[in-house]
Amino acid sequence: SITSKNFENDVRNNLAASLHRLGTVYLQADSSQEAIDALKRGHAVLTDAGIKSDIETSIVVALGDAFLVQKDFESAKKYLDNALQLAEQRRQVWDVSGASSRIGAVFLQTGRPSEALSYYKKAIDIIESTRAQLGSEDFRAFHSDRFGRTYGGIIRGYLETNNAEDAFNYN
């Protein structure tokens, strides 16, 4: 019945979300292979059942992060491109920003700073658009503190492309 199908999907979604959290904890503990294993299991829980869930995009971004930590840039880029596509299709702006920023990091770490810039710009446009809507200066300051890696990445990309003037339009 529809009710049991919904219940089953909810259970699978919750399991995938738990595996996402576990993968994130493993990443924070510098256990990238364990993170990849947990995240792949979480992703498989959803895809094997054909479930389209918002957590899927976050799982795929986290997989890209884990491969980035391992310096497996090809796998990182594959997962992050997939995450970006999912996030854009589903209109998940924070995942668009996160995937874009991390794709920028892949390009920076592989010596392609000019290719990184458009991805960092996309991420920062989303960050700044949201930040501008926040009411108090304290909230705006907290919000921008959370995204130091993205701002640092675009600054580094501009500096590595000998464009110091543009680098500091984003700090």
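# Exercises on an all-helix model

The protein has nine helices and zero strands, and the structure shown above is a predicted model. Read along the sequence, its elements follow the pattern α-α-α-α-α-α-α-α-α. Of the 171 residues of the protein, 43% count as buried.

## Exercise 1: an acidic residue in helix α5

Task: find Asp 95, decide whether Asp 95 is buried or exposed, and look for a side chain of opposite charge.

Solution. Begin with the position: Asp 95 belongs to helix α5, which covers residues 93-109. Next consider the surroundings, where, once the neighbours within four places in sequence are set aside, Asp 95 is in contact with Asp 54, Thr 57, Ser 58, Val 61 and Ala 87. Asp 95 turns out to be buried, and yet Asp 95 has no salt bridge. To see why, recall that a salt bridge needs a side-chain nitrogen of Lys or Arg within 4 Å of a carboxyl oxygen of Asp or Glu. The nearest side chain of opposite charge belongs to Arg 102, and that side chain is 7.0 Å away from Asp 95.

## Exercise 2: a salt bridge between two helices

Task: determine which residue forms a salt bridge with Glu 56, and state where the two partners lie.

Solution. The partner of Glu 56 is Arg 90, and the closest N and O atoms of this salt bridge are 2.9 Å apart. The pair links distant parts of the chain, since Glu 56 lies in helix α3 whereas Arg 90 lies in helix α4 (residues 73-90), 34 residues apart. For the last step, apply the cut-offs for accessibility: buried means under 20% relative accessible area, exposed means over 50%, and partly exposed is in between. Glu 56 has 7% relative accessibility and therefore counts as buried, while Arg 90, at 23%, counts as partly exposed.

## Exercise 3: salt bridges within one helix

Task: for the salt bridge of Asp 81 with Lys 77 and for that of Arg 156 with Glu 160, work out how the partners are placed along their helix.

Solution. A search of the whole structure finds seven salt bridges, and the two pairs named here can be taken in turn. In the pair of Asp 81 and Lys 77, the closest N and O atoms are 2.6 Å apart. Both of these residues lie in helix α4, four residues apart, which is about one turn of the helix. Asp 81 counts as partly exposed because its relative accessibility is 30%.

In the second pair, the side chains of Arg 156 and Glu 160 meet with an N to O distance of 2.6 Å. Arg 156 and Glu 160 both belong to helix α8, and they too are four residues apart, about one turn of the helix. Arg 156, at 39% relative accessibility, counts as partly exposed, and Glu 160, at 37%, also counts as partly exposed.

## Exercise 4: the largest pocket

Task: describe the volume and the lining of the largest pocket, and find which element gives the most to that lining.

Solution. The volume of the largest pocket is about 540 Å³. Its lining is made by 25 residues, and those nearest the centre of the pocket are Asp 65, Gly 98, Arg 102, Phe 147 and Arg 149. The elements that give two or more residues to this lining are α1 (2-28), α3 (54-69), α5 and α8 (148-160). Helix α5 gives the most, with nine residues. Sorted by class, the lining has nine nonpolar, ten polar and six charged residues.

Methods. Residues numbered from 1 in each chain as written. Predicted model: local features only at pLDDT ≥ 70, side-chain atom pairs only at ≥ 80, totals over all residues. Heavy atoms only, no water. Buried < 20%, exposed > 50% of the residue type's maximum accessible area, 1.4 Å probe, protein only. Lys, Arg positive; Asp, Glu negative; His and termini not counted. Contact = heavy atoms within 4.5 Å. 1 Å grid on protein atoms, 1.4 Å probe; cavity = no way out; pocket = protein on both sides within 12 Å on 5 of 7 lines; lining within 4 Å. Points joined across faces, edges and corners; volume = space filled by probe spheres on them. Nonpolar A, V, L, I, M, F, W, Y, C, P; charged D, E, K, R; others polar.
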